[in-house]
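Let's take a friendly tour of the charged side chains in this structure. Have a look at the model first, and then we can go through the pairs and patches together.

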Amino acid sequence: MFKVGAFAIIFDKDGKVLLCHRLDYDLWNLPGGGLNDKESPWEAVIRETKEETGLDVEIEKLVGIYSKNNKNDIVFSFKCKVIGGEIALSDEADEIEYFDINSLPKNTVPKQVVRIKDAFADKKEVILKIQGGPEAIELVKQGKL
């Protein structure tokens, strides 16, 4: 069975990307997460962004679809824009900040860094990519991230 996730890539007017610092691990990541039962990826990204950041967003475009480590994990990355709400911490994020693409925190989820750069490149076509390498949580546990 596939695990499906959806994540928002949100740039501010200066081209900085919004990241959330997780409460459970010392990692920065994009707002988003897994789909609920009978939920589409585009519905999930809007819901997850609101839950994690307090922001209301609308989707501008699908940036890419990513497969993780040739497992049954599929991730949809959407470029979104803020249409309302205010940044608010949640039970999933203890910090929420915009970062320059060239100054992302060193403990940003590596696979998400690739997705952020793909969105920043602003290609017309949807990116389809298999992402290998260890999971970020394993890198944190090993003291490598």
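## A network of charges

A good place to start is the group E39, R47, E48 and E51, which are linked in a network of salt bridges. Do keep in mind as you read on that this is a predicted model. In general terms, side chains of opposite charge can pair when their charged atoms come close. How many salt bridges does a search of the whole structure find? The search gives 13.

## Pairs that link distant parts of the chain

Two of the salt bridges involve strand β5, so let's take them in turn, since a salt bridge here needs a nitrogen and a carboxyl oxygen within 4 Å. D122 pairs with K61, and their closest N and O atoms are 3.3 Å apart. This pair links distant parts of the chain: K61 sits in strand β5 (residues 55-68), while D122 belongs to the loop between α2 (110-121) and β8 (127-131), 61 residues apart. D122 counts as partly exposed because its relative accessibility is 45%, and K61 is partly exposed as well, with a relative accessible area of 24%.

The other pair joins E135 to K68, with the closest N and O atoms 3.5 Å apart. Here too, distant parts of the chain are linked: E135 is in the loop between β8 and α3 and K68 is in strand β5, with their positions 67 residues apart. Is K68 buried or exposed? K68 counts as buried, because its relative accessibility is 18% and the cut-off for buried is under 20%. Its partner E135 is partly exposed, with a relative accessible area of 23%.

## The pair R22 and D24

The side chains of R22 and D24 also meet in a salt bridge, at 2.7 Å from N to O. R22 has 24% relative accessibility, so it counts as partly exposed. D24 is partly exposed too, at 49% relative accessibility.

## A negative patch

Which residues form a negative surface patch? They are D26, D94, E95 and E97. E97 is placed in strand β7 (residues 93-99), and it counts as partly exposed because its relative accessibility is 33%.

## K144 after the helix

K144 lies in the segment after α3 (136-141). At 61% relative accessibility, K144 counts as exposed. The side chain of K144 makes a polar contact with the side chain of Q142, at 3.3 Å. K144 and F11 are 133 residues apart along the chain, and their C-alpha atoms are separated by 28 Å.

Definitions and conventions. Residues are numbered from 1 along each chain as its sequence is written. This is a predicted model: local features need pLDDT of at least 70, side-chain atom pairs count only at pLDDT 80 or more; totals for chains, interfaces and linings use all residues. Side-chain values use heavy atoms; hydrogens and water are left out. Patches are made of residues with over 30% relative accessible area and no salt bridge: like charges are joined within 9 Å, nonpolar side chains (Val, Leu, Ile, Met, Phe, Trp, Tyr) within 5 Å. Accessible areas come from the Shrake-Rupley method with a 1.4 Å probe; for residues, only the protein chains shown count as cover. Lys and Arg count as positive and Asp and Glu as negative; His and the chain ends are not counted. The place of a charge is taken as NZ of Lys, CZ of Arg, CG of Asp or CD of Glu. Helices (H or I, at least four residues) and strands (E, at least two) are DSSP runs, numbered from the N terminus. Buried means under 20% relative accessible area, exposed over 50%, partly exposed in between (1.4 Å probe, protein chains only). A polar contact is a pair of N or O atoms within 3.5 Å; within protein, one must be able to donate a hydrogen and the other to accept it, and residues adjacent in sequence count only if both atoms are side-chain atoms.
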